[in-house]
Amino acid sequence: MVIAILLVSLFVMIILGFPVAFALAGSALLAILYDGQVPELIVLHRMVGGMDSFPLLSIPFFVLAGGLMNSSGITTRIFNFANALVGWMRGGLGHVNISASIMFAGMSGAAVADAGGLGAIEVKAMRNKGYDAGFAVGITAASSTIGPIIPPSLPMIIYGVMAGASIGQLFAAGFVPGLLMAIALMVMVAYYSKKRNYPKDAGFSPIRLGNTFKSAFLSLMTPVIIIGGILFGVFTATEAAIAAAAYSLILGGLVYRSLSLKKLVKVSMETIETTSIILMIIAGAAIFSWVLTSQHVTEDFTRWMLTITDNKTLLLLMITFILFVVGCFMETIAAITILTPVLLPIAVSLGIDPVHFGVVMVLNLMIGLLTPPVGMVLYVLSRVTKVPFEECAKATIPFVIPLVIVLLLVTFIPQLSMWLPQLIYG
């Protein structure tokens, strides 16, 4: 009965429009009050405990770094370099869109930051060149999901905290899957470009490539500092986030001189707001997950799944389906904090490395950002491009297909994600 109250109240609160954090904490409180076995103060204790983690300190600094990049015109420099690099191909701006997302992925670690920052620039450029709005929005939405796979990655930090997994190894494990996503999307762009006879947007010019590279060089050093520092043990993920924020501030304020005090204040306030939302969701999910664990739901669910089948392939497909469905309806951070304690024991019982499972989970939930009814990336793009949400969702569907293919490859071929962590960390 406790679990019924927990789940029903959560569903009702979400339907009524409660913020996710309050729905999670509120449903957990109702379940605890009904059970009567522990004092109500356990809610506050567990919520604070859920946020009391050193790696979570990296979140505000990565968010700040992404905001500074967007406000300092750094994203424009990246876009121009990507255009010079691959814009000469047929359907060039589609390939530019993906390439710019790869570069920006090493700076922000959030799909929404990519969509809101680069997205507006990319869609505008593509529409000005005669690409239809659906194609422009679809490829922009799909490419933004690369950001949280290629390090740094906010979702992987949160998963690492929940699973007790190495964040450095999780970052390393995301490299190859992220590049596979980019390749798959580029194949899709090539197909559409040939089918619709999209133009080559610019001839290849070594001089232009050199000039745009020179302009973007200092910006492109950001992921080198972040990723190189973490992978080679110079600093932790949290220290890397601080370094990224400081470097972005120096670039925008002192080198490029495009970051005014007004912009800095605006970015800082947005960072505070975003971080507060993320941490409140983590806090709410912490008490929700505790109730699930204390009621032995995780153990019961593991046993139930294993009674259905002990076939590793079928269980992985079932887990993938669960994650996909949850990603359609639940915000990514909440989904990670709730599902990790439930699904990770099943994965471990199948002999799946927690780092590999983390990549599978994050990749799966990133695809959920492209699917209604939640689809946060779709909402952001709809707002910044003035394209109706329904059109954004419809245009994105074809680009979900190559991402699902990559997801299945990464799920069933562990070495795609694990060979680099094993190479670096042994």
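Me: How many of the 18 residues of helix H17 are buried?
Reply: This is a predicted model, in which local features need pLDDT of at least 70 and side-chain atom pairs count only at pLDDT 80 or more, while totals for chains, interfaces and linings use all residues. Residues are numbered from 1 along each chain as its sequence is written, and side-chain values use heavy atoms, with hydrogens and water left out. Helix H17 (a DSSP run of H or I, at least four residues, numbered from the N terminus) is largely enclosed by the rest of the structure, because the number of its 18 residues that are buried (under 20% relative accessible area, 1.4 Å probe, protein chains only) is 14.

Me: Where in H17 does a kink lie?
Reply: H17 reaches 24 Å from its first C-alpha to its last, close to the 26 Å expected at 1.5 Å a residue (1.5 Å times one less than its number of residues). The kink is about 50° (the angle between axes fitted to the seven residues ending there and the seven starting there), and shortly before the proline Pro341 it lies at Thr340.

Me: Which helices do the buried residues of H2 pack against?
Reply: Helix H2 covers residues 20-35 and reaches 23 Å from its first C-alpha to its last, close to the expected 22 Å. Its buried residues include Ala21, Leu24, Gly26, Ala28 and Ile32. In contacts (heavy atoms within 4.5 Å), the buried residues of H2 pack against H1 (2-15), H3 (41-51), H14 (261-294) and H17 (332-349).

Me: Which residue with a positive phi follows H2?
Reply: H17 is followed by Gly351, whose phi is positive, near 85°. After H2 comes a residue whose phi is also positive, near 70°, and that residue is Gly36.

How values were computed:
Helices (H or I, at least four residues) and strands (E, at least two) are DSSP runs, numbered from the N terminus. Buried means under 20% relative accessible area, exposed over 50%, partly exposed in between (1.4 Å probe, protein chains only).
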